[in-house]
Amino acid sequence: MDNDLYQQIYLLVKKIPQGRVATYGQIAAALGKPQGSRLVGWALSVCPNDVPWHRVINRKGMISITNRNLSKQEQANLLTQEGITVTEKAGNFWVDLDKHLWLGNL
DNA sequence: CGAATGACCAAGC
DNA sequence: GGCTTGGCCATTC
């Protein structure tokens with residue numbers, strides 16, 4: 001696959017500084033697809049290993065991953081290592097967007 | 001091409 | 001941030 005769409009998504013995700021997180025909708029908007037948030041999630045589902053996909057979460061700061069190889073626990077662990085506050089609740093992991101949401105792209 | 005799918009989002013209850 | 005409904009977009013069958 002050599003679509004520019006992937007490249008842009010990956011480049012943008014790689015651009016997220018450590019200790020920060022971004023939302024799917026935010027990235028989608030940055031790509032010129034304010035409504036294409038689902039594509040971002042799809043793109044990350046096939047993202048290469050050099051992409052910090054764990055810094056990308058949904059609008060509520062909740063990790064709604066359903067990946068077979070990785071897991072919410074894995075992502076929460078990575079985020080915690082970067083100094084991000086992750087809270088576990090009812091088997092789901094949440095990130096404090098007010099403190100860690102990346103605004104450098106706006 | 002049409003229908004189904006998915007790591008979403010906003011609005012309504 | 002708890003569940004449902006409708007709408008988005010690209011990819012896949």
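Buried means under 20% relative accessible area and exposed over 50%, with partly exposed in between. The exercises below use these cut-offs on a predicted model.

**Exercise 1. Classify K14, D50 and G104 as buried, partly exposed or exposed.**

Step 1. K14 has a relative accessibility of 38%, so K14 counts as partly exposed.

Step 2. The relative accessible area of D50 is 48%, and D50 is therefore partly exposed as well.

Step 3. G104 reaches 57% relative accessibility and so counts as exposed.

**Exercise 2. Find the salt bridges and state which parts of the chain each one joins.**

Step 1. The count for the structure is two salt bridges. Side chains of opposite charge can pair when their charged atoms come close.

Step 2. One pair is K14 and D50, with 2.9 Å between the closest N and O atoms. K14 belongs to helix α1 and D50 to the loop between α3 and β2, so this pair ties together parts that are 36 residues apart in sequence.

Step 3. The other pair is E82 and R55, whose closest N and O atoms are 2.6 Å apart. Because E82 sits in the loop between α4 (72-81) and β3 (86-89) and R55 in the loop between α3 and β2, the pair ties together parts that are 27 residues apart in sequence.

Step 4. Add the accessibility of the partners. Both E82 and R55 are buried, whereas K14 is partly exposed and D50 is partly exposed too.

**Exercise 3. Determine which residues of helix α1 are buried, how they are arranged around the axis, and what covers them.**

Step 1. Helix α1 spans residues 4-14, and its buried residues are Y6, I9, Y10, L12 and V13.

Step 2. These residues cover an arc of only 165° around the axis, which puts them on the same side of α1. An α-helix has 3.6 residues a turn, so residues three or four places apart point the same way.

Step 3. On the face turned away from this buried side, α1 carries the exposed residues D4 and L11.

Step 4. The cover over the buried residues of α1 includes α2 (24-30), α3 (37-45) and β2 (56-57).

**Exercise 4. Repeat the analysis for α3 and α4.**

Step 1. In α3 the buried residues are V40, A43 and L44. Their arc around the axis is only 95°, which puts them on the same side of α3.

Step 2. Elements covering the buried residues of α3 include α1, α2 and β2.

Step 3. In α4 the buried residues are Q75, A76 and L79. They cover an arc of only 100°, and this puts them on the same side of α4.

Step 4. The packing partners of the buried α4 residues are β2, β3 and β4 (92-95).

Step 5. Look past the end of the helix: G83 follows α4 and has a positive phi, near 90°.

**Exercise 5. Describe the largest cavity by its volume, its lining and the classes of its lining residues.**

Step 1. The structure holds one cavity of 30 Å³ or more. The space in the largest cavity is about 40 Å³.

Step 2. Its lining consists of L5, I9, A28, L31, K33, G36, L39 and V40. The elements that give two or more residues to this lining are α1 and α3.

Step 3. By class, the lining of the largest cavity has six nonpolar residues, one polar and one charged.

Step 4. Compare this lining with the buried residues found earlier. I9 lines the cavity and is a buried residue of α1; V40 also lines the cavity and is a buried residue of α3.

**Exercise 6. Describe the largest pocket in the same way.**

Step 1. The largest pocket holds about 600 Å³ of space.

Step 2. Its lining comprises 23 residues, and those nearest the centre of the pocket are Y24, G41, L44, S45 and I65. The elements that give two or more residues to the lining are α2 and α3.

Step 3. The largest share, five residues, comes from α3.

Step 4. The lining of the pocket divides into nine nonpolar, eleven polar and three charged residues.

**Exercise 7. Locate G104 and state how far G104 is from I16 in sequence and in space.**

Step 1. G104 is found in the segment after α5 (97-100).

Step 2. In sequence, G104 and I16 are 88 residues apart, while in space their C-alpha atoms are 8.2 Å apart.

Key. Residues numbered from 1 in each chain as written. Chains lettered and ligands numbered in written order. Predicted model: local features only at pLDDT ≥ 70, side-chain atom pairs only at ≥ 80, totals over all residues. Heavy atoms only, no water. Buried < 20%, exposed > 50% of the residue type's maximum accessible area, 1.4 Å probe, protein only. Helix = DSSP H or I, 4+ residues; strand = E, 2+ residues; numbered from the N terminus. Arc of directions from axis to C-beta. Contact = heavy atoms within 4.5 Å. Salt bridge = Lys/Arg side-chain N within 4 Å of Asp/Glu carboxyl O. 1 Å grid on protein atoms, 1.4 Å probe; cavity = no way out; pocket = protein on both sides within 12 Å on 5 of 7 lines; lining within 4 Å. Points joined across faces, edges and corners; volume = space filled by probe spheres on them. Nonpolar A, V, L, I, M, F, W, Y, C, P; charged D, E, K, R; others polar.
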